[in-house]
Amino acid sequence: MKERRKRIVGCLLVGALLATEPFTMTIYAGSAVGPMATVTSQAAEELREAEKAKEVKETKQEQEAQGKTAGASLAMLNHLTEGNAKEAQIVAATAERVSENQIPAVASEYADIAIAQVDNYVNIRSEASTESEVLGKLYDNSAATVLETTDNGWYRITSGSVTGYVKSEYVVTGDEELAREVSTRYAKVTTTTLYVRTEPSTEARILTMVPLDDDLVVLDESTPGWAYVTTAEGEGYVSTDYVTFSTEFVQAESKEEEAARLEKEEKERRAAAAAAEAARRNAASAQETQNSQASTPSYSAPTNSNGAAVASYASQFIGNPYVYGGSSLTNGTDCSGFTMSVYAAFGIGLPHSSRAQRSVGYEVSLAEAQPGDIVCYSGHVGIYVGNGTIVHASTPESGIIYSSVTYRNPICVRRIF
């Protein structure tokens, strides 16, 4: 019992020493405790310092580990940023090369259309050089599709049957207003007889009738199911169910096409001269009996083979009736029947279609029009007689009359002689 009490007291003293300021204390124990033991508070302090040092070391190691992780993340971020920058540089360089060698893509349907703006024509060449072969001609206000650009100021184009190069300074690209101005929008009739009405309704009054395969110039397409067109009788509406639409430009002419056209024109001139001479001989040798009644007009046969003779002959029929689908100069004819029958007297065969007559002979400008030229309008034709005037089979109400050549906008002028 006494020994147990000694042990308890010893433990309490040691605990008190560890918790107090440093000092030295000697304890004498009984024989059962053994030799004398010396305990100091300095030893306890060293233990505490060792614990603190260990804690500081662990904290430093943890911070270093976190630093390495953060460093790796930063390095990866820098790598990704540098990679994105390089990729952006590659994309920018590619876009720059594309912009230098290709026509920029824009929304307009006319973006790749080039319009010649020259006094007469610009040559289309086989290479992007003025020393290369001439393949054809792109006439003033004619159109081409741009395929690519070159570094030395040329466009590679295609127009009609010709593909080659033109100097960029002689054409205009990307001008939608100009492209619309030099092009023509057509509505081609796909039914036997198409009614042109005064309003966009099947209940509206019929303005005029247009035959199969004829075409009309389109002025507006904003009304659903209807197209606003121009005719000899005025402007009106046609149902889109009975027409097909197209946009036409004047296109290039190859060297071969030009040679063939010139040969064809020369043949037609010779044929017309021979027909006119035959008509003159027949008129001189065959004295026809004329009805002496004043109400019966007499008509002179052609006496020459030029445009002036055509204009003079056509003018004899002023006042005669207009008949839809007709071709009689005396009993009634429509517009294309009139021009067809007049030229038939000179030995020239023309189609009975205003649309088809836009392709006969060869084209000249309105400023160059001479008597005898065929002036083509939307769904209509007439014969130029000079002084800004045409003779034509106009309407059922007016018959064959004179009109100003600009009473409507001409599409083209075709010359036979």
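## The main nonpolar core

The largest nonpolar core of this predicted model contains 26 residues, and those with the most contacts inside it are Phe 338, Val 342, Tyr 343, Leu 350 and Ile 374. Two or more residues each come from α5 (307–315), α6 (335–344), β19 (374–377), β20 (380–386) and β21 (389–395). With five residues, α6 gives the most to this core.

Val 342 shows which parts of the chain meet here. Beyond its neighbours within four places in sequence, Val 342 is in contact with Val 310, Tyr 313, Ala 314, Leu 329 and Ile 383. Apart from this core lies another one, of 14 residues, with Ala 116, Val 118, Val 146 and Val 162 among them.

## How α5 meets α6

The axes of α5 and α6 come within 10 Å of each other and cross at roughly 120 degrees. An angle between 115 and 145 degrees counts as oblique, so α5 is oblique to α6. The crossing of α5 past α6 is right-handed.

On the α5 side, Val 310, Tyr 313 and Ala 314 make the contact, while α6 supplies Phe 338, Val 342 and Tyr 343. Of the residues in this contact, six are nonpolar, none polar and none charged. In soluble globular proteins, nonpolar side chains tend to be buried together.

## An exposed loop residue

Asn 387 sits in the loop between β20 and β21. Is Asn 387 buried or exposed? Its relative accessibility is 80%, so Asn 387 counts as exposed, the cut-off being over 50%.

Asn 387 and Ser 404 are 17 residues apart in sequence, and their C-alpha atoms are 8.9 Å apart in space.

Technical notes. Residues numbered from 1 in each chain as written. Predicted model: local features only at pLDDT ≥ 70, side-chain atom pairs only at ≥ 80, totals over all residues. Heavy atoms only, no water. Core = buried A, V, L, I, M, F, W, Y, C linked by side-chain atoms within 4.5 Å. Buried < 20%, exposed > 50% of the residue type's maximum accessible area, 1.4 Å probe, protein only. Helix = DSSP H or I, 4+ residues; strand = E, 2+ residues; numbered from the N terminus. Contact = heavy atoms within 4.5 Å. Axes fitted to C-alpha atoms, helices over the stretch in contact; angles between N-to-C directions. Parallel < 35°, antiparallel > 145°, perpendicular 65-115°, else oblique. Left-handed = near helix turned anticlockwise from the far one by under 90°. Nonpolar A, V, L, I, M, F, W, Y, C, P; charged D, E, K, R; others polar.
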